[in-house]
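Reader: I would like to learn how to read a model like this one, feature by feature. Could we go through it together?

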Amino acid sequence: MNRHTLLHTLWRFAHRPQALRFRRALSHPARTQARLLRRYLLRNASTVYGQQFGFDRIHSIADYQQRVPLVRYDALSSYIDRIRHDEAGVLTREPVRRLVPSSGSTAAAKLIPYTASLQREFGRAIGPWVCDLLARYPRLRHGPAYWSISPAVTPPDLSSAAPIGFDDDTDYLGGMLSRLVDALLVVPGCVRHAPSIDALRYLTLLCLLHARELRLISVWHPSFLTLLLSALPTWWPRLVRDVAEGTATPPGPVEPALMEAITRRWRPDPQRAAELRRLDPGRPADIWPALTLISCWGDGWAADAQRALTALLPNVAVQFKGLIATEAFVSLPYGQGYPLAVCSHFFEFIDDAGKPRTAEQIEPGGEYEVAVTTGGGLYRYRLGDRVRVDGRLAATPCIRFLGRADRVSDRCGEKLSEGFVTMVLERTLHHCNVRFAMLAPDDDAQPMCYTLYVEADLHVTAAALARKLDEQLQANPHYRYCRALGQLGPARVCRVADNAQQRYLTHMATLGQRLGDIKPTPLSSHANWRHVFTGRS
């Protein structure tokens, strides 16, 4: 038994109780969900939030839905502020370990409370996924994996008693599992501290090239991987030399301590280097002959990028990820579907009439917005994700992500919301006499970017305005991350000559909307408006 087989065996053993519990719960979603909700209410009745909404007087799901309101993040921001200032018992009785940043709707970033209970709830979905994955793809057990590593991001400039953000992506797992997973990965978590995106990519590729027996690649958006692999031809001779000599020569200076932490994981490998010299860096499928599976997003706007990735690695199986948010683990790939993570949180599904339904009440073919109650202290929290029910696994619904319900443009993970973009445009254009302004993705640009279509009396050049706009948009951590990775290019400005509002209304009418129902929007999720607005950039 090789080292990776042993580690995977230990990981499966650690997750087995969660997997068995999940498999049993698939036949009893109503009972499982009701038990979770009772636990949340009993544990947190004495909290500020629990006393405000009378948790101790709630005896059924109907009571809960009547007493406790559906909320978005803005309604919780004052409670989060109290947690930041070290007040205990605000949303949960147990301590808040961290506040994890995520994109906000009207604020640049949300801070999601992360507790030990929430960590266990994520584990109750990760466990069944891992066990099912290794059972369906047994070759994965005998080699290492690569999980995409987020660059270190400067946390929001806020004072907080609870730390903001995670030091390492595997911290979501916690404890021994975090250390076990780190031992299975070919790219160490410390790579995230590389001083530039180019250095991070170079060091990542170097680690991957050392790993001839790589079996699994797990990324979020598929364009992350296509961009990473597209850099291979640029650095190929240098990378191969580093493999041969056991060195690392990334572009730009890197802290010696970081270099030492990375290079101590391997030795000079002239045999692997000789093999690489015979290969074409433009054909990555030949570089890792044992690569078995890629796990990535494949729904919504990620579908096109996923197809491009499949064309690049045609013989590698692709498994789409379930619906996972910073706040909650909603669904997971399991068996032949994507069942609700029924053991993790209490879920509600809001239909088009605004009526909340529970997991056993939603119907195949129906479309809903997801709301969650979690051990992190979120109660009836609207995630803003819209899903469709694709069927059932046993009695538990299988769901598929359709897109954002709260007017969010999310092509490669940037999560720009209408509320946030409104704030950005107000700051960017506050000295201008604005007659029309709308931000939209521009697929014709390479790489894809966002373009502001504006009819206004501008006091600066379009180029200067674009720089200011891009700077403001980067207050959103997800947009900033996509920009840093090169998934998004810098924002552009297209000055519309005249009658922009009329052009917009006419175009929307041609799409079937009644003129009286058309409302101006600061953000469109649809691309390539240049054919509608004749302007100058």
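Author: Gladly, and let us start with charge. Lys and Arg count as positive and Asp and Glu as negative, while His and the chain ends are left out. Each charge is placed at NZ of Lys, CZ of Arg, CG of Asp or CD of Glu. In this chain, the mean positions of the 66 positive and 51 negative charges lie 5 Å apart. Before we go on, this is a predicted model: local features need pLDDT of at least 70, side-chain atom pairs count only at pLDDT 80 or more, and totals for chains, interfaces and linings use all residues. Residues are numbered from 1 along each chain as its sequence is written, and side-chain values use heavy atoms, with hydrogens and water left out.

Reader: How do I read the radius of gyration of the chain against that of a compact globule?

Author: The radius is taken over C-alpha atoms, and the globule rule is 2.2 Å times the number of residues to the power 0.38. For 537 residues the rule gives a value near 24 Å, and the chain has 24 Å, so the two agree. Along the principal axes, the C-alpha atoms fill a box of roughly 70 × 60 × 45 Å.

Reader: What share of the residues is buried?

Author: Buried means under 20% relative accessible area, exposed means over 50%, and partly exposed is in between (1.4 Å probe, protein chains only). Here 55% of the 537 residues are buried. Accessible areas come from the Shrake-Rupley method with a 1.4 Å probe, and for residues only the protein chains shown count as cover. The accessible surface of the chain is about 23,100 Å², and carbon and sulfur atoms hold 51% of that.

Reader: How many helices and strands does the chain have?

Author: Both are DSSP runs numbered from the N terminus: helices are H or I with at least four residues, strands are E with at least two. The chain has 17 of each kind, helices and strands. As for contacts, which are heavy atoms within 4.5 Å, 68% of those with a separation of 6 or more join residues 24 or more positions apart.

Reader: Which residues touch the most other members of the largest nonpolar core?

Author: In soluble globular proteins, nonpolar side chains tend to be buried together. A nonpolar core is a set of buried Ala, Val, Leu, Ile, Met, Phe, Trp, Tyr and Cys residues joined through side-chain atoms within 4.5 Å. The largest one has 73 residues, and Tyr-49, Phe-55 and Phe-349 touch the most other members. Helix α6 (residues 116–136) contributes the most to this core, with eight residues. Beyond its neighbours within four places in sequence, Phe-55 is in contact with Leu-41, Asn-44, Ala-45, Tyr-49, Gly-50, Val-68 and Tyr-379. A second, separate core has 48 residues, among them Leu-225, Trp-235, Val-254 and Leu-276.

Reader: Where is Leu-36 found, and what does Leu-36 touch?

Author: Leu-36 sits in helix α2 (residues 29–43) and counts as buried because its relative accessibility is 3%. Its C-alpha atom is 7.8 Å from that of Cys-343, although the two residues are 307 apart along the chain. Not counting residues up to four places away in sequence, Leu-36 touches Arg-124, Val-342, Cys-343, Ser-344, His-345 and Phe-346.

Reader: Is Arg-272 buried or exposed?

Author: With a relative accessible area of 4%, Arg-272 is buried. Arg-272 belongs to helix α12 (residues 270–277) and, apart from residues up to four places away in sequence, touches Leu-209, Arg-212, Val-243, Ile-287 and Trp-288. The C-alpha atom of Arg-272 is 7.2 Å from that of Ala-244, 28 residues away along the chain. Ala-244 lies in helix α10 (residues 232–245) and is buried at 17% relative accessible area.

Reader: And the backbone: which residues other than glycine have a positive phi?

Author: Two cases to look at are Asp-86, with phi near 75°, and Arg-380, with phi of about 50°. Asp-86 is in the loop between α5 (73–84) and β1 (98–103), and is exposed at 60% relative accessible area. Arg-380 is in the loop between β9 (367–373) and β10 (381–393), but is buried at 3%.

Reader: Where is the cis peptide bond?

Author: The bond from Gln-446 to Pro-447 is cis, with omega near -5°. Pro-447 is placed in the loop between β14 (433–442) and β15 (449–457).
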